[in-house]
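Got your viewer open? Keep the selection tool handy and follow along, one stop at a time.

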Amino acid sequence: MNTGAVGNPGVELRHLRYFLAVADELHFGRAAARLHIAQPALTQQIQRLETLLGARLFDRTSRTVALTPAGIVLRERAVALLGHAERDLAEVTRIAQGSQGTLHLGFVPSVLPLEPLRGVREFRDRYPLVQVDLVEGFTSHLMERLAAGTLDMAIVRDPDPRPGTVTVPLITEPFVAIVPADHPLAQRDSVTGAEIADHPMVFFPRVAGGLAHDKNLAPLLASGRRPRIVQEATNWTILLYLVAAGLGVTIAPRSATFTAPASARIIPLAGTDAETTIYLATREHEDRPLVHNLLELLPNRARD
């Protein structure tokens, strides 16, 4: 491994290590023993270094070895050069092992109350030199970014298939109905999709994800009725507050209701087996250690 750090492309890092051993010991025999090489070989390497630099580094007699003024300067510089090289090479190793770098992780907000993102904290504790950049968004947008390479992985809900990506199911959960506290259905133990379809709805736009949109409406569509959506919003927190304000009813994944205000009622759905699934999405043939180190800390199903 050559370096021009000392102004000569022929000088190698091993020359500097040999030099520092002699500079520390001021004795070629002890320095050779410390380096586990023969003394004549060490003497030859120091002579080679002096030739490359065009400078005498040691004053040698039969009894003593002393640094020359050039040697004194080189000792200071060599310590710094080898220190920088060691740190830089260690950084390369850490990046190769996935313990340093930046990981871009996308997620849909409705997964926050669930298990998948809890692994991020453990990941940060275990790999403090890795910066985790969390990106929130619609499933459709996150999948686009993943396929484009601007995300390393994404935790999404019911994603549409996209070439170049792989999805693995993590968690499956039911849908529930949410109505205002003063709604005629608010005191019911359960409701059906057909009953919900009779009332104005607030809902997320289809652009957020076609499959997710259809699966979320499945309890209503199975009754043969089309929902009357009177207001759209970009996240479940807003939708839940719109429901609480009396602007409509909605159907949501159970985990999306954890932030529901007290003036909204959450009611189990009857007569449907519709479910929603959270997936871990990565690019095809993903083999970077940085990504796989996080995968190891997600639920076991993410590694099946």
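What follows is a tour that starts with the helices at the beginning of the chain and ends around a helix much further along.

Before you click, note that this is a predicted model, where local features need pLDDT of at least 70, side-chain atom pairs count only at pLDDT 80 or more, and totals for chains, interfaces and linings use all residues. Residues are numbered from 1 along each chain as its sequence is written, and side-chain values use heavy atoms, with hydrogens and water left out.

**Stop 1: helix 1 and helix 2**

Select residues 13–25 for helix 1 and 28–35 for helix 2. Helices (H or I, at least four residues) and strands (E, at least two) are DSSP runs, numbered from the N terminus. The axes of these two helices come within 8 Å and cross at roughly 130 degrees. That makes helix 1 oblique to helix 2. Here, axes are lines fitted to C-alpha atoms, for helices over the stretch in contact, and angles run from 0 to 180 degrees between N-to-C directions. Under 35 degrees is roughly parallel, over 145 roughly antiparallel, 65 to 115 roughly perpendicular, and the rest oblique.

Now show side chains. On the helix 1 side, pick Arg-17, Tyr-18, Ala-21, Val-22, Asp-24 and Glu-25; they meet Phe-28, Arg-30, Ala-31, Arg-34 and Leu-35 in helix 2. Contact means heavy atoms within 4.5 Å. Sorted by class, this contact has 6 nonpolar, no polar and 5 charged residues. Ala, Val, Leu, Ile, Met, Phe, Trp, Tyr, Cys and Pro count as nonpolar, Asp, Glu, Lys and Arg as charged, and the others, Gly among them, as polar.

**Stop 2: the loop between them**

Click Leu-26, in the loop between helix 1 and helix 2. Its phi is near 50 degrees, a positive value in a residue other than glycine. Leu-26 is partly exposed, at 37% relative accessible area. (Buried means under 20%, exposed over 50%, partly exposed in between, with a 1.4 Å probe and protein chains only.)

**Stop 3: on to helix 3**

Add residues 39–53, helix 3, whose axis is 9 Å from that of helix 2, at an angle of about 100 degrees. That makes helix 2 roughly perpendicular to helix 3. Phe-28, Gly-29, Ala-31, Ala-32 and Leu-35 in helix 2 meet Gln-39, Leu-42, Thr-43 and Ile-46 in helix 3. These residues divide into 6 nonpolar, 3 polar and no charged.

Is His-15 buried or exposed? Select it in helix 1: at 3% relative accessibility, His-15 counts as buried. Leaving aside neighbours within four places in sequence, His-15 is in contact with Gly-10, Gln-45, Arg-48, Leu-49 and Leu-52.

**Stop 4: around helix 9**

Jump to residues 236–244, helix 9, and colour its buried residues: Trp-236, Leu-239, Leu-240, Leu-242, Val-243 and Ala-244. What do they pack against? Their partners include strand 6 (165–180), helix 8 (210–221) and strand 11 (264–270).

At the start of helix 9, find Asn-235, where a side-chain oxygen reaches to within 3.1 Å of the backbone nitrogen of Thr-237. Just after the helix, Gly-246 takes a positive phi of about 85 degrees.

Finish at Thr-234, in the loop between strand 9 and helix 9. Thr-234 is exposed, with a relative accessible area of 51%. Draw a C-alpha to C-alpha line to Pro-205: the two are 29 residues apart in sequence and 7.2 Å apart in space.

Methods: Polar contact = N/O pair within 3.5 Å; in protein donor to acceptor, adjacent residues only side chain to side chain.
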